[in-house]
Amino acid sequence: MTAGRAPRQAFVRLLFTGALQRFPECRRPGAGTPAHDTGIDMRRAYRTLYRLGIVPWDTTGVPAPLVDIVEGHSTLPPAQAVDLGCGTGRQARYLAEHGWQVTAVDYTPEAISAARHKDPRGQVLWRVADATEPQEVDPDGHLSGATSLLLDNGCLHGIPAVRRLGWAVTVNILAAPGAVLLVRAAPPQHRGVGPRGISAGEITALLGDRWQQAEAPAAGWYRYTRTEST
């Protein structure tokens with residue numbers, strides 16, 4: 001963990017705690033979920049924080065692993081990209097500015113509204129959608145099997161365990177042969193507020209045997225390539 005990351009993560013946990021104290025409706029058991037997934041309704045918590053304008057994860061920079069794919073040693077030719085859990089869309093706009101055709105989704109309407117406001121030229125297709133519901137992410141089927149880059153910068157690790165298979169279904173439906181999946185995820189934690197986290201082994205198991213894991217591009221980041229067979 002880098003020197004600046006631990007204080008920032010502690011600050012984010014503090015903000016979640018404050019939001020839950022101010023808006024107790026954000027804390028409720030998840031119906032039908034195992035014990036370690038009960039507690040915080042992450043959707044309500046995120047919406048509350050967006051409404052309050054408290055978005056410390058919404059940085060101006062672009063993650064180095066993504067820059068490497070777009071401009072660095074691992075450059076991919078611009079094609080179709082999907083940003084799962086895009087927030088206010090900084091990475092999606094970055095991709096569009098470099099020639100990619102981008103669809104960016106987030107289940108938080110406040111985030112998508114802010115993203116559209118920051119994209120006056122309409123370079124990105126913004127969509128309020130749940131990453132665990134393929135029909136919401138790609139309602140017309142145009143992205144199915146045609147997406148060359150899938151980005152998840154901190155979405156999967158906050159999804160309850162019982163819904164993560166839906167995320168994997170979405171990824172597998174969208175991915176073209178040879179597609180790259182780039183995921184940032186915190187390690188598992190079962191106490192406290194904030195995302196529950198996920199391990200590399202869990203991500204690999206979710207994706208199935210049509211993905212090959214590459215060397216981690218940075219701490220907390222995972223890169224996979226879809227095999228050519230369909």
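Is Cys86 buried or exposed? The tour of this predicted model returns to that residue after the sheet and its helices.

**The sheet.** Begin by selecting the strands. An open sheet of 7 strands appears, with mixed pairing and the order E3-E2-E1-E4-E5-E7-E6. Next, colour strand E3 (124-128) and strand E6 (211-213): these stand at the edges, and each has a single partner strand, so one side of each is left without a neighbour in the sheet. Viewed along the sheet, neighbouring strands are turned against each other by 20 degrees on average, direction ignored.

**The E6 edge.** Select E6 together with strand E7 (residues 221-226); the two pair in the antiparallel sense over 3 bridges. To locate one bridge, display Gln213, whose partner in E7 is Tyr224.

**The helices.** Add helix H3 (residues 64-71), which packs on the sheet and touches strand E4 (147-153), strand E5 (175-184) and E7. The direction of H3 makes about 150 degrees with that of E5. Then show helix H7 (residues 164-174), which lies across strand E1 (80-84), E4, E5, E6 and E7. Relative to E5, helix H7 runs at about 140 degrees.

**The cysteines.** Finally, select Cys86 and Cys155. The count of disulfides is 0. For Cys86, the nearest cysteine sulfur is that of Cys155, 9.4 Å away, whereas a disulfide requires the two sulfur atoms to be within 2.5 Å. Cys86 is buried, its relative accessible area being 4%, which settles the opening question. Cys155, likewise in no disulfide, is buried with a relative accessible area of 14%.

Methods:
Residues are numbered from 1 along each chain as its sequence is written. This is a predicted model: local features need pLDDT of at least 70, side-chain atom pairs count only at pLDDT 80 or more; totals for chains, interfaces and linings use all residues. Side-chain values use heavy atoms; hydrogens and water are left out. Two strands pair if DSSP finds at least two bridges between them. Helices (H or I, at least four residues) and strands (E, at least two) are DSSP runs, numbered from the N terminus. Axes are lines fitted to C-alpha atoms, for helices over the stretch in contact, and angles run from 0 to 180 degrees between N-to-C directions. Contact means heavy atoms within 4.5 Å. Buried means under 20% relative accessible area, exposed over 50%, partly exposed in between (1.4 Å probe, protein chains only).
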